[in-house]
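Here is a short briefing to read with the model open beside you. Take a look at the structure first, then come back for the notes.

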Amino acid sequence: MHLIAMVTPPTSQYAENWRHPLSRTDWLDARFYADLARTLERGCFDMMFLPDALAVPEDHTGDYATTVRTGGKGTIYLDPVVVAAVAAGATQHLGLGATVSTTFLPPYAIARTLLTLDHLSGGRTAWNIVTSTTDAEARNLGLPAMPPKGERYDHADRVVQTVLDLWDTWQPDALTLDRPGRVFAAPARIGRIPARGDGPPLSRGPITLPRSPQGRPVLMQAGASDRGKAFAARWAEVVFASADSPEAMRALRTELRERAAAHGRDPDDLRVLPAVQPVVGPTDAAAHRRVTELEDLLDESEVLTVLGRLLHAAPDELDPDADAARLIEAHRGSTGSDGFEEMLLRACRAEGLTVRDLAVRQAMTQLKPQPTGSPATVAEYLCDLFDSGAADGFVVMSALYPSSLTEFVDGVVPELQRRGRFRRRYDGTTLRDRLGPSCGDGWSAPGSRTTSAALASSSVQRRTRPPRCPPEGRPMTDPTSSSLRAAPGGTTAAAAPTSSGRDHRWLGLAVIGVAQLMVVLDSTIVNIALPTAQADLGFDNDQRQWVVTAYSLAFGSLLLLGGRLSDLFGRRPAFVTGLIGFAAASALGGAATSFEWLVAARALQGVFGALLAPAALSLLTTTFTDPRERGKAFGIFGAIAGSGAAIGLLLGGVLTEYASWRWCLYVNILIAAVGVVGAFLYLHAVPRPATRPHIDLPGVLTVTLGLVAIVYGFSNAEVNGWDDTLTAVCLVLGVALLVGFVLLQRRVAHPLLPLRVVLDRDRGGAFLAIGLVAIGMFGLFLFLTYYLQLTLGFSALQTGFAFLPMSASIMLSSTLVGARLLPRVGPRVLVTVGGSLATIGMVLLTRIGVDTAYATTVLPAIVVLGAGLGLIFSSSFATATSGVERQDAGVASATVNTMQQVGGSIGTALLSTLAANATADYLVGRDASPAVQAAAALEGYQTAFWASAIGFALVTVVGATVLRGQRDRVARAAAAADDDRTGVAAEAPVGAH
């Protein structure tokens, strides 16, 4: 598939789009075009195509007031050759298509200008051939009126032939630069152009430039009339096609290929690229809201005036409710494009459009297809057209500059690459190399036309190792593979994914899962190692809590900052930095020789963990956008998050018993090494957005201090009680700072946590469910571990094995049930059912006794618990990060981790207090015999389990009352999209309309 971007700022097909807040207004600055060209090159686009017009559009009276007042298309056009030169200096691989009219400029001027650009760009130039259409253009160039279309095309035939002859006056090896022989160029290899016998010669040559690096610039043309199609079939190598339906696209492509064959050309020399104008959003609903925003910019009287100008119709002919087809028929030939008028008529007759309807449609898209939706939706639409033989690629037109093209590059291009339809790196060195071997090297001796096979051979011989699509395109192991293959019947179809286009996203998920596992299991693996570390380093029981608290303080307080940093500097760099830093801190902790050293290392682990965790989740969020794949991916991620703590208990037991407590920290080095290598091999480096988020320093200060106070307050309560002064001060101060943080976020221009992330009902409900689950989870792991070891006498290793059935239950529930049902039933059902199962599991655990058997009491309870937790994790993680803007993915992911950390801190402190009070109350009035103490401990465990059951019950309530039902989600999606589709807003596919 080939992609060409049509660039026409400050306007696009959308009338008055320059008024939209996402449209930049610095389009008279060279940096605007340099930035845009770099964005397109990052997306591996074949070419940036610059159209042109030589006059401000006028109505039938010669008035241009409406055009300039509304900023309509054609108000401003920069010289495309000059803009292409600016783009050439900013890029290395992107093709540059410049529009030059054959009607007004002599062939020699055209040939030298474009050949100069081709040399300076290293063989990346294309000539978009136009004959111009309006009398206003003719008058600006000194003619009384535009010549008739037939004369213009006849003249264009001669001009193009002369330009080609001029480009061919230098043979490939004419420039010798032989210093010893004192020969600059070989005269015998430079000639004049041949006589054609079709009129006086338009030039004689030779031209003052040697042969192009690519033989000659690529020829591009957009004729839609019968005469225009004949011209394209004779000369064009790339056809910019206008068609309003898949059927029209296929018919046009077939016709052009047949016409090319009639001229003796190989039909495969022709690349037919229909124009499309996608509107891309993070979700289908968001994209449709963007369309509505653009429609709201229109004024009916203005768009009617614009339509009248286009058709040269007087105002009294523009009855809004009249039949649009009759208006077009009455003004045939007024637009200067027969093909365009045929397309207008076809649409008007097929849909019964009124003049008002046509005016709005024309103002919005000029009847070009407009695929609207998420990146996956738009990519699916383009792939369907490409696979059906309707197109060899697409000319991508923009709704807004430059944001629409940036969204396409960052969202749709990765989806096309994942489907194996689009390159991941550039082939060769010239534009002809990008377009494929059949375009050849573009050189033929004067008076001849070299066959495409010979040209292809020449091009292949010159090909070098292809460069990657800069700056961070995913690697391609077979860089010379073509993106197209011949299909039966002479059509072009997408190449099946090969080793060069392998989908590495699932391997990327494994890498992300490894990192998540390292962070999650660290919380329990260190707890298992603590008693041994305490004996080795010689610190007391009061100090022991700081080994855990130092990590939780740093991790919990810095998560939001870490998430925003990943948005700012890129998610893969943040991910890799977090892995390396976490491993280095673990190495320091494993080598600790004192208590202070160990605590400092744990705090450093927390710092890098706060960078790593949100980067991992946001990479997952931006990598998987298809609903079914997203559900599966988050199911796996949720399984890892839910079972990692149990795995940590097992691994900690093994390492402590058979190696050393220090290996409970050193093991992170091995895990991180696998993650770093995998990140560079399999994680797609999502480009940073054009508009980077800023760091909200007041927000960072208030939320960091607030979370430190909250987490420390709960940690202190666990040791010194809730009535301790320091506990109360920390909790009150923390709450006050967090309230201040929220108030700040409502006022600052660049908030650390945009409130839109948390105020969405479904995302907010998911965040709340995650926090409540964390409270119950800590009660489960902490007190069930105590029960198994202290009451039933399990060793650390046996305890780890005892948790394995719950881990298996979480994994199976999350991946086999939650991942499959989420796109169908939505998060409300899964969270409600999951919360109910988790509640039942915790209630079953309250049946434990001093001498009950693991297999009959504990095992059934944790299996049921695991099934519920798997449903909650898979759906809550996916919902909490669904529908966020790409630039907010990091901070949304950080909010998920923050809710887990704060929930865990609350759970540990609250449940420890409840258990301790229950144990103390039981001992009142009883002797201190071992049996009574065991029963008292059991009373504390049961109290903690009942409290955890209440927490899981609250998750059920949140699922049933806060999260929207599937019908409501479908209705909201349909209303937002203003369509009759069914499906969830972030998940329902939308076609073009």
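The notes below cover a barrel, a helix and a surface patch.

This is a predicted model, where local features need pLDDT of at least 70, side-chain atom pairs count only at pLDDT 80 or more, and totals for chains, interfaces and linings use all residues. Residues are numbered from 1 along each chain as its sequence is written, and side-chain values use heavy atoms, with hydrogens and water left out.

**The barrel**
- Eight strands (E, DSSP runs of at least two residues, numbered from the N terminus) form a closed barrel in the order E1-E2-E3-E4-E7-E8-E9-E12, with parallel pairing.
- Strands E7 (residues 218–221) and E8 (residues 238–241) run parallel and are joined by two bridges; strands count as paired if DSSP finds at least two bridges between them.
- Met220 has Val238 in E8 as its bridge partner.

**Helix H20**
- Helices are DSSP runs of H or I with at least four residues.
- The 20 residues of H20 (residues 571–590) should span 28 Å at 1.5 Å a residue, and the end C-alpha atoms are 28 Å apart, so the two agree; the expected span is 1.5 Å times one less than the number of residues.
- H20 is mostly covered, with 14 of its 20 residues buried, meaning under 20% relative accessible area (exposed is over 50%, partly exposed in between; 1.4 Å probe, protein chains only).

**The surface patch**
- Helix H21 (residues 595–623) gives the largest share of a nonpolar patch, three residues.
- Val607 is found in H21 and is partly exposed, with a relative accessible area of 36%.
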